[in-house]
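Colleague: I have a new model to study. Can you walk me through it in short steps?

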Amino acid sequence: MNSYSWAETQNAPTLPLAEAVENVYPAIVRIEVVSEQGSSGRMMKSRATGSGVIISKDGRVVTNHHVAGKATRITCRLHNGEEVMADLLGADPMTDLAVLLLRMEDRPANSKPLTVANFADSDKVEIGDVCFAMGSPAGLSQSVTRGIVSNVALISPNKGSFRLDGENVGELVRWLGHDAVIFPGNSGGPLVDEKGYIIGINEVGIGSLGGAIPSNLARTVSKELAENGFISRCWTGLECQPVLNPNEKGILVAGIIEESPAEDAGLKPGDLIKTYDGRTVMARIAEDLPLFNQLSYGMKVGKKLKITGLRKNKKMSWVLTTATRESAFAKERELKSWGITIRDFTLMSSLEARRSSKKGAQVHSVGRGGPSNSAKPSLNRGDVITGINGSPVTGIADLVRLSKKITEGKNEPVSTLVSFERDMAKLLTVVKIGPEAEENRPVQAWKPWLGVSTQVLTRELAEALNMPKTTRGVRIAQVYPRTPSQKAGMQAGDLLFRIDGQIIQAYRTEDAEVFGNMIKEYKPGSLALFSGMRDGKKLDLNVTLEKRPDPSNELPDYEEETFEFTVRELSFGDRVSKRLKEKEPGLVVENVEPAGWASLAGLRQGDLVLNINGESMSEVDLFEKKMNQWIKNEEKRIIFFVKRGIHTLFLELEPDWDNT
């Protein structure tokens, strides 16, 4: 990361507009991410774009946590269109900042050096200063808008309204407010002054205003993220608010978390803090609190610090020993055999749940229709699993280990006794975990088949065709290719009144199944005489009935769990509806789970998969074999060639094997 003294940046001459912009513009990157987040019992994948800025020659990029903090794959497009993959070095939800590292080794040997942008001193930014918001709005190529700084201590009016991973961003961040136009996708891009230096990292849009994280905070946080991958903060359990009396000086203690360092030190709600570790502190308005929180959270873990103040106008002093501050929430994990996503407890999440310890695994989300949802009683979001079949569960590791032991070698779900807690109640339920049972598909006996679609010859239709209202029968609407009806010469528009002399008793719309039921009385290979009329003339056709083709629900299918989609072999009906030749290869996509890898690649229900990685696909067994092989080898790209209506296209499935 390039380092310039504040004096150098502040004394730099003001550049002409074009030159100031040109100095930073090549350092902007458009960021495309694939992220994962737990929802509906699954880890749901999503694709999004944002912005970032290059801050070092070795390829470090600063952006927002809400852009890339949960990314499993990151692609950065430079100003000249060059695309470079990047890795996440670290992310901090409390300040909504993240640092990426471009994979410089992947760039061509003759690539030009990166353009680097430098930070200015945001404490010297003043209201009315001209600024430029740079980024890639809506995933477009880089853009620049101009405005002025309108506020140097902008906060959200609603406490806790902006949360990331359970953290309140407003606790530490006071935005630089400005009116340079920003749009979704500008997030993570730089706010630049007239001298061509970064004064902030754009984060939010509030009405016509933009809010940027001040560069001093962004510089400090990004440096620690790049070095350590996380931000080390302390925890005291002290919660403060501005003083109620504007004439008082200090910070008012609003609350004390039970069993926290602040409680151990003897602090109580209503105390007025005057000094904190020897520094005078004050908060008259909400905008003052982030500065105190930056001081408080920034103390070293384990440090003993002295606090002085007042309690009911009496002078007081306290000695507080700081503790390690864990994240608000642990990262969720998917348990497919349970149909849930689940989390371990952190100190903060266990306190929020009012638990005496961090033991147990907390349900994060439950999939509809899954094993946990189908249990009686069902598991709900927030429930804490504490045991399985009498064995204790202290966290996700225990839950995974015990689940594997129970389901090992089983082909069907196993009824499992689950102990869980909901609020203060201790409950039991039975969850059937493990592989899903094979779907019981009733295979129909071989039935004869004609190969037509028909409509009932209703009284209204008969009258319109100049026939007596008492006419009974059906009208052929479609003759399927390569069928007994086509071979016998039947045509669309033919009227059929009898089969082997027996009247087809159909004259109401609800008689639609009469014709088919009459044919089912025959055996495959039987010869049947169909009598009726064509163009006003008598019609008699002898038809040899054949075995009915297998319907779609009786054809082999396969659910691919890694990429989360299902395919099956083509039915006769598929070939007719999709206008396919008799031997044309392909597999029909029956289902695509939302937010899975296949969905992310653009695969849709109803697509016809013609080939995969250049290999033709017609049988489910071959598909399963090949997919397992490619998954085992962790192929970087699996290319599907699909047909969608009259169109064909190539789709790239690019899994992140480290997070699959």
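Modeller: Start with one term. Contact means that heavy atoms lie within 4.5 Å. This is a predicted model, where local features need pLDDT of at least 70, side-chain atom pairs count only at pLDDT 80 or more, and totals for chains, interfaces and linings use all residues. Residues are numbered from 1 along each chain as its sequence is written, and side-chain values use heavy atoms, with hydrogens and water left out.

Colleague: Which strands do the buried residues of H6 pack against?

Modeller: Helices (H or I, at least four residues) and strands (E, at least two) are DSSP runs, numbered from the N terminus. A residue is buried under 20% relative accessible area, exposed over 50%, and partly exposed in between (1.4 Å probe, protein chains only). In helix H6 (residues 289-297), 7 of the 9 residues are buried, so the rest of the structure largely encloses this helix. Those buried residues pack against S15, S16 (238-241), S17 (251-256), S18 (272-276) and S19 (279-280).

Colleague: Which residues of H6 are the buried ones?

Modeller: The helix covers residues 289-297. Its buried members are Leu289, Pro290, Phe292, Asn293, Leu295, Ser296 and Tyr297.

Colleague: By how many degrees are neighbouring strands of the barrel sheet turned against each other on average?

Modeller: Two strands pair if DSSP finds at least two bridges between them. Here 6 strands close into a barrel, in the order S7-S8-S11-S14-S13-S12, with antiparallel pairing. Axes are lines fitted to C-alpha atoms (for helices, over the stretch in contact), and angles between N-to-C directions run from 0 to 180 degrees. With direction ignored, neighbouring strands of this sheet are turned on average by 45°.

Colleague: Which helix packs on that sheet?

Modeller: Look at strands S13 (198-206) and S14 (209-214), which the helix touches. Its direction makes about 45° with that of S14. The helix spans residues 215-228 and is H4.

Colleague: How many bridges join S7 to S12?

Modeller: S7 covers residues 130-135 and S12 covers residues 190-193, and they run antiparallel. Cys131 stands opposite Asp193 in S12. The number of bridges joining S7 and S12 is 3.

Colleague: Which element gives the most residues to the largest nonpolar core?

Modeller: A nonpolar core is a set of buried Ala, Val, Leu, Ile, Met, Phe, Trp, Tyr and Cys residues joined through side-chain atoms within 4.5 Å. The largest one has 48 residues, and Ile31, Ile54, Ile74 and Leu102 have the most contacts inside it. With 5 residues, the top contributor is H4.

Colleague: Is strand S25 enclosed by the rest of the structure or open, and what is the residue count behind that?

Modeller: S25 covers residues 361-366. It is joined by 5 bridges to S24 (residues 340-344), which runs antiparallel to it. Another 2 bridges join S25 to S26 (residues 384-388), again antiparallel. S25 is largely enclosed, because its buried residues number 6 of the 6.

Colleague: How far apart in sequence are the parts that Glu332 and Lys70 tie together?

Modeller: A salt bridge puts a side-chain nitrogen of Lys or Arg within 4 Å of a carboxyl oxygen of Asp or Glu. Glu332 and Lys70 form one, with their closest N and O atoms 4.0 Å apart. Glu332 lies in the loop between S22 and S23, and Lys70 in the loop between H3 and S4, so the pair links parts separated in sequence by 262 residues.

Colleague: Is Asp92 buried or exposed, given its salt bridge with Arg233?

Modeller: The closest N and O atoms of Arg233 and Asp92 are 2.7 Å apart. Arg233 lies in the loop between H4 and S15 and Asp92 in S5, so the pair ties together parts 141 residues apart in sequence. Arg233 has a relative accessible area of 9% and is buried. At 5%, Asp92 is buried.

Colleague: Which backbone nitrogen does the side chain of Asp494 reach?

Modeller: Asp494 sits in the loop between H11 (484-488) and S33 (495-499). Its relative accessibility is 1%, so Asp494 counts as buried. Its polar contact is a pair of N or O atoms within 3.5 Å; within protein, one must be able to donate a hydrogen and the other to accept it, and residues adjacent in sequence count only if both atoms are side-chain atoms. At 2.9 Å, the side chain reaches the backbone nitrogen of Gln491.
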